[in-house]
Amino acid sequence: MTHAMKIRKGDLVHILAGKDSGKEGRVLEAMPREKKIIVENLNLVKRHTRPRPLKDSSRMGGPQIAPGGIIDKPSPLPVGNVMLVCPVCNRPTRVGTVVKESKESKGDVKKVRICRRVDCGQEIDK
């Protein structure tokens, strides 16, 4: 079973559902096996951490300690709750793929993502 997703790391996405619906952000990490993504500064959860000594700290002086406290960190979102924002028309869009042949070498085919909006239809990958 393939785990291909149409959203990749670095894409700008629009959140459709959840506490941050209507907001946009960049994808920091894509997890195709779980069908989830992590979006920068969205879907934040609070993590309570205790102070811990850092591993591989310098031997000079006392041990370095990672600070504890309440830390905000982004949590994974289901990929079905987001929609890709087209870089050309700057609107949320569904993603389609087109097989394109390379102009330099014949026989070289490449799958390219395109915007599925009727008025746009441009390539997303440049």
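Here a trainee and a mentor talk through a predicted model, one feature at a time.

Trainee: Let's start with the open sheet of six strands. Which strands are its edge strands?

Mentor: Strands of a sheet pair through backbone hydrogen bonds, either parallel or antiparallel. In this open sheet the pairing is antiparallel, and the order of the six strands is 8-3-2-1-9-10. An edge strand pairs on one side only, and that description fits strand 8 (77-78) and strand 10 (92-93).

Trainee: Moving inside the sheet, which residue stands opposite valine 13?

Mentor: Look at strand 1, residues 12-15, which pairs with strand 9, residues 82-85, over three bridges in the antiparallel sense. Across from valine 13, in strand 9, you will find leucine 84.

Trainee: Now the segment before strand 1. Is aspartate 11 buried or exposed?

Mentor: Aspartate 11 lies in that segment before strand 1. Its relative accessibility is 11%, and the cut-off for burial is under 20%. Aspartate 11 therefore counts as buried.

Trainee: With which side chain does the side chain of aspartate 11 make a polar contact?

Mentor: Two partners are worth finding in the structure. The side chain of aspartate 11 reaches the backbone nitrogen of arginine 8 at 2.8 Å, but that is a backbone atom of arginine 8. The side-chain partner, at 2.8 Å, is arginine 113.

Trainee: What about the largest pocket: which strand gives the most to its lining?

Mentor: The largest pocket has a volume of about 220 Å³. Twelve residues line this pocket, and the closest to its centre are Lys100, Lys110, Val112, Glu123 and Asp125. Strand 11 (95-101) and strand 12 (109-115) each supply at least two lining residues. With three residues, the strand that gives the most is strand 12.

Trainee: And how many charged residues does the lining of the largest pocket have?

Mentor: Sort the lining by class. One residue is nonpolar and one is polar. The charged residues in the lining number ten.

Trainee: I would like to look at backbone angles next. What is the phi of lysine 35?

Mentor: Most residues other than glycine have a negative phi, and most peptide bonds are trans. Lysine 35 is found in the loop between strand 2 (24-31) and strand 3 (36-39), and this residue is partly exposed, with a relative accessible area of 36%. Although lysine 35 is not a glycine, its phi is positive, at about 55 degrees.

Trainee: Asparagine 41 has a positive phi too. Where is asparagine 41 found, and is it buried or exposed?

Mentor: The phi of asparagine 41 is near 60 degrees. Asparagine 41 is found in the loop between strand 3 and strand 4 (44-49). Its relative accessibility is 58%, and the cut-off for this class is over 50%, so asparagine 41 counts as exposed.

Trainee: Last topic: how many disulfides does a search of the whole structure find?

Mentor: Consider cysteine 86 and cysteine 89. The sulfur of cysteine 89 is the nearest cysteine sulfur to that of cysteine 86, at 3.6 Å, while a disulfide needs the two sulfur atoms within 2.5 Å. Cysteine 86 is in no disulfide, and neither is cysteine 89. For the whole structure, the number of disulfides found is zero.

Trainee: Which of these terms fits cysteine 89: buried, partly exposed or exposed?

Mentor: Start with cysteine 86, which is buried, with a relative accessible area of 0%. Cysteine 89 has a relative accessibility of 22%, and it counts as partly exposed.

Key:
Residues numbered from 1 in each chain as written. Predicted model: local features only at pLDDT ≥ 70, side-chain atom pairs only at ≥ 80, totals over all residues. Heavy atoms only, no water. Pairing = 2+ DSSP bridges. Helix = DSSP H or I, 4+ residues; strand = E, 2+ residues; numbered from the N terminus. 1 Å grid on protein atoms, 1.4 Å probe; cavity = no way out; pocket = protein on both sides within 12 Å on 5 of 7 lines; lining within 4 Å. Points joined across faces, edges and corners; volume = space filled by probe spheres on them. Nonpolar A, V, L, I, M, F, W, Y, C, P; charged D, E, K, R; others polar. Buried < 20%, exposed > 50% of the residue type's maximum accessible area, 1.4 Å probe, protein only. Polar contact = N/O pair within 3.5 Å; in protein donor to acceptor, adjacent residues only side chain to side chain.
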